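Visitor: I should like a close look at one part of this structure, namely its cysteines. Please set out how they are placed and what surrounds them.

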Amino acid sequence: QVQLVESGGGSVQPGGSLRLSCVVSGMTTDSVCMAWFRQAPGKKREERGGVAYIYIGGGSTDYADCVKDRFLISQDNAKNTVYLQMNRMKREDNAAYYCAAVVGVRWLLRSKWEYDRWGQGTQVTVSS
């Protein structure tokens with residue numbers, strides 16, 4: 001059974017950096033698309049927005065416009081971990097961040113409705 005466990009959340013000042021980690025267990029294929037989504041305070045689960053996406057089998061990535069050139073998604077296959085490096089953070093990055101996965105696909109998927117495995121989330125607070 002695929003399980004995702006996020007860590008690395010915390011508090012940071014505007015302009016600062018954080019790195020989130022998502023450790024994956026139970027994955028037996030690299031035909032997997034993984035992503036980071038975030039849920040802003042007061043928003044419902046259905047309103048989670050995609051932040052970054054990576055296709056594990058080929059390494060292709062994509063980003064939401066609001067984080068392009070600031071965030072970097074990467075994978076370490078030896079550690080079964082996907083990272084989200086967040087730089088030059090802004091107050092609007094304040095949210096709970098969720099790692100998600102969908103297995104058995106062959107390309108990047110960007111819709112949250114496509115993802116059927118989710119972590120428990122990690123809180124990121126951007127405040128001065």
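Guide: What follows treats the cysteines, then the nonpolar cores and the salt bridges.

The model is a predicted one. A search of the whole structure finds 1 disulfide, and the two cysteines it joins are Cys-22 and Cys-99, with an S to S distance of 2.1 Å. The angle about the S-S bond is -80 degrees, which makes the link of Cys-22 and Cys-99 left-handed. Cys-22 belongs to strand 3 and Cys-99 to strand 9, so the disulfide ties together parts that are 77 residues apart in sequence. Both ends are shielded: Cys-22 is buried at 0% relative accessibility, and Cys-99 is buried at 1%.

Cys-33, by contrast, is in no disulfide; the nearest cysteine sulfur is that of Cys-99, 11 Å away. Cys-33 also counts as buried, with a relative accessibility of 0%. For Cys-66, the closest cysteine sulfur is in Cys-33 at 17 Å, which is too far for a bond, because a disulfide requires the two sulfur atoms to lie within 2.5 Å. Cys-66 is partly exposed, at 43% relative accessibility.

Strands 3 and 9, which carry the disulfide, are also among the elements that give two or more residues to the largest nonpolar core. That core has 29 residues, and those with the most contacts inside it are Met-34, Trp-36, Leu-84, Met-86 and Tyr-97. Other elements that give two or more residues to this core include strand 4, strand 5 (49-55), strand 7 (71-76) and strand 8. A second, separate core of 11 residues includes Ala-35, Ala-100, Val-105 and Tyr-115.

The charged side chains supply further links, as the structure holds 5 salt bridges. In one of them Arg-38 meets Asp-93 at 2.9 Å, N to O. Arg-38 lies in strand 4 and Asp-93 in the loop between strand 8 and strand 9, so this pair ties together parts that are 55 residues apart in sequence. Arg-38 is buried at 13% relative accessible area, and Asp-93 is buried at 0%. Arg-38 and Asp-93 are linked with Arg-70 in a network of salt bridges.

Another salt bridge joins Arg-110 to Asp-62, with the closest N and O atoms 2.6 Å apart. Here the loop between strand 9 and strand 10 holds Arg-110 and strand 6 holds Asp-62, so parts 48 residues apart in sequence are tied together. Arg-110 is partly exposed, with a relative accessible area of 45%.

Technical notes. Residues are numbered from 1 along each chain as its sequence is written. This is a predicted model: local features need pLDDT of at least 70, side-chain atom pairs count only at pLDDT 80 or more; totals for chains, interfaces and linings use all residues. Side-chain values use heavy atoms; hydrogens and water are left out. A salt bridge is a side-chain nitrogen of Lys or Arg within 4 Å of a carboxyl oxygen of Asp or Glu. Helices (H or I, at least four residues) and strands (E, at least two) are DSSP runs, numbered from the N terminus. Buried means under 20% relative accessible area, exposed over 50%, partly exposed in between (1.4 Å probe, protein chains only). A nonpolar core is a set of buried Ala, Val, Leu, Ile, Met, Phe, Trp, Tyr and Cys residues joined through side-chain atoms within 4.5 Å.
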